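User: I am new to this structure and would like a close look at a single part of it. Please go slowly, and set that part in the context of the chain.

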Amino acid sequence: MRLPTATALLCLVPSLALAGADSRCRASRFSAQEMKGASAQQRHAAYVQTCALDEVVELTKQLVRFKTVSSEAPPAKSPDIAAMGRFLQKWAKAHGMAYRVVGDNDVFEIAWGEGAPTLGLVFHGDVVPAPVHEWKRPPFEPYVQEGRLFGRGVEDDKGPLASALVALDHARRLGLKPQGKVLVIVGNGEESDWIGMAKYAATEPKPTHVISVDSGYPVVAAQSGFVAWNLVAPVGPALQSSKVALRPVDVKAGEFLTQVPGTATLKLLPGEEGSLAVALETVRSAVTEEQRVRPGLKADVKEEGGAVVLTVHGKAVHASIADEGNNALWGLSGVAARLLMEDNGIAAMLHVLSTRFDRDHHGEKLGLVYSDGGLMGTLIVSPTVLRVADGKVSLGVNMRRPQGKDAAAFNASLDHAAERVGQDSGGRVKEGGGRYVGDAHVADTSGPLVTTLLDIYKRHKNVPDAKATSVRGGTYARLFPKAVDFGPGFPGEEYTGHAPDESISLESLDLGTRMLAEAIHALALTPAPVSAQEK
């Protein structure tokens, strides 16, 4: 059944249109008595469409102000995660819902209703780092500008969390009751360590339906397997050198494994018989030469403390959509390939980047590429974190793999790739520890959860041929059997969740809240009894 718009429903209640903002949003204005002829689902939809957005924006702002960067401090040791938990506890108590902590601040759970869980809404309360120098304004001081809400976490994942809480509370205010229990499940290690949420998913009672709101629309029914791979080499001494060769002494790119680096920096010293002036000119000339074959290359060369510092600028994006960004490591390795450098470990790693990663999103040069030929597409390979520490240079590589090749076969492919890298570097670069190869997650695309959510999306967006999709990203949905993602990203809109100046449009936040409210009603709420006035 197509639901009437809030505007049409307001015509049933003329007093609503004439009321002030405060009285307009009183739950009583959307009661069965006031909205004669409207079903409980229609009244809930009208209430959310008319009144939810301001509440969602304000609640999102409150959540964003907690600097819940799990990679800097895990849930058990993060004062901001603990503070956000106390805030959610107070919110739950004030809105007639139960609250509990599972583990050592690993998971916050807000529950509405009684009995076995019928619907689980899954989110994460932690966020990725937000280097202040990359942002136009402080990342944990949210603000609205030109129809968009800005701040770290507004899209990933605190805005969606606020949408769910407000949608549930609007249903509660109308006197509606869930069938069984509705759970809002907030994991606090999604951007770093999944152990806490994995334990929760494995040991707690499983809701009949589980929806994560941490990816995109129409409905994300499949997720690529997450892969972490690490290469390492001792920095020195150089195998070969000359008195005029530049000496690489430091290199840095990326903030975390799941983000394509937006900047990459290489620090070089002049050779024994070279001068700083000549070294600067040499590097600048290499940049100019590389720009002829890489027109979009943006780079700065400067002197700093007697060294030459080369900085290449790209476009930082989530590693799952690496082909939509511009990996700064590619340009850095391209320029480095034009320089005469001492052959130490840093130079060897840059050579590996140039020969096995540069301008290759799918791992063809590593011999890894494969595709499932359908829903999930082709393997994605992204070098993301390059560092020098403790006398070693390391490169973190993030991959997203589709179904179609089992873990044993893929691990064998990684073994062969490590052999190729070793050959390229004269044995200097080898695989480090910490290899992780995850499997793809696929839900039932013909089951009631997917079909219900698809129907909601089709009607709200007027896209009758919308189909379930897959993503390369990994969300908590993969921990729950047959779980899916439903938002918050709309097709055609740029995803900014891991990028500087993260934002979400108020229009998208509003529509996402309304669709989530309808999903909650369709999957978990008991229809209100039909009164004599409604018959």
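With which side chain does the side chain of Arg356 make a polar contact?

Analyst: The side chain of Arg356 makes a polar contact with the side chain of Asp424, at 2.5 Å; a polar contact here is a pair of N or O atoms within 3.5 Å, where, within protein, one must be able to donate a hydrogen and the other to accept it, and where residues adjacent in sequence count only if both atoms are side-chain atoms. This is a predicted model, in which local features need pLDDT of at least 70 and side-chain atom pairs count only at pLDDT 80 or more, while totals for chains, interfaces and linings use all residues. Residues are numbered from 1 along each chain as its sequence is written, and side-chain values use heavy atoms, with hydrogens and water left out.

The surroundings of Arg356 can now be filled in. Arg356 belongs to helix H10, which covers residues 345-356; helices (H or I, at least four residues) and strands (E, at least two) are DSSP runs, numbered from the N terminus. A polar atom of the Arg356 side chain also lies 2.5 Å from the backbone oxygen of Lys365. Leaving aside residues up to four places away in sequence, Arg356 touches Lys365, Leu366, Arg420 and Asp424, where a contact means heavy atoms within 4.5 Å. Arg356 counts as buried because its relative accessibility is 18%; buried means under 20% relative accessible area, exposed over 50%, and partly exposed in between, with a 1.4 Å probe and protein chains only.

After helix H10 the chain enters a loop that runs to strand S16 (380-389), and Arg359 is found in that loop. Arg359 has a positive phi of about 55° although it is not a glycine, and Arg359 counts as partly exposed because its relative accessible area is 48%. On the other side of strand S16, Asp390 sits in the loop that leads to strand S17 (392-401). Asp390, also a residue other than glycine, has a positive phi near 55°, and with a relative accessible area of 79% it is therefore exposed.

From Arg356 one can also look across to another part of the chain: Arg356 and His460 are 104 residues apart along the chain, and their C-alpha atoms are separated by 45 Å. His460 is in turn touched by Arg514, which also touches Val48 and Gln49, again not counting residues up to four places away in sequence. Arg514 lies in helix H13, residues 506-524, and is buried because its relative accessible area is 18%.

Another buried charged residue is Asp169, in helix H6 (residues 158-173); its relative accessibility is 1%, so it counts as buried. The side chain of Asp169 makes a polar contact with the side chain of Arg172 at 2.8 Å, and beyond residues up to four places away in sequence Asp169 touches Trp91, His95 and Met97. Leading into helix H6 is a loop from strand S5 (148-150), and Asp157 is placed there; the peptide bond from Asp156 to Asp157 is cis, with omega near 25°. A cis peptide bond also joins Tyr217 and Pro218, with omega of about 5°, and Pro218 is in the loop between strand S9 (215-216) and strand S10 (220-223).

By contrast, Lys136, in the loop between strand S3 (117-124) and strand S4 (143-145), is exposed because its relative accessible area is 76%. Lys136 and Leu395 are 259 residues apart in sequence, and 29 Å apart in space from C-alpha to C-alpha.

Finally, the setting of the whole chain: its secondary structure comes to 13 helices and 25 strands, and 55% of its 535 residues are buried. A compact globule of 535 residues would have a radius of gyration near 24 Å, so the 26 Å of this chain agrees with that expectation; the radius is taken over C-alpha atoms, and the globule rule is 2.2 Å times the number of residues to the power 0.38. Along the principal axes, the C-alpha atoms fill a box of roughly 95 × 45 × 45 Å. Among contacts between residues at least 6 apart in sequence, 78% join residues at least 24 apart.
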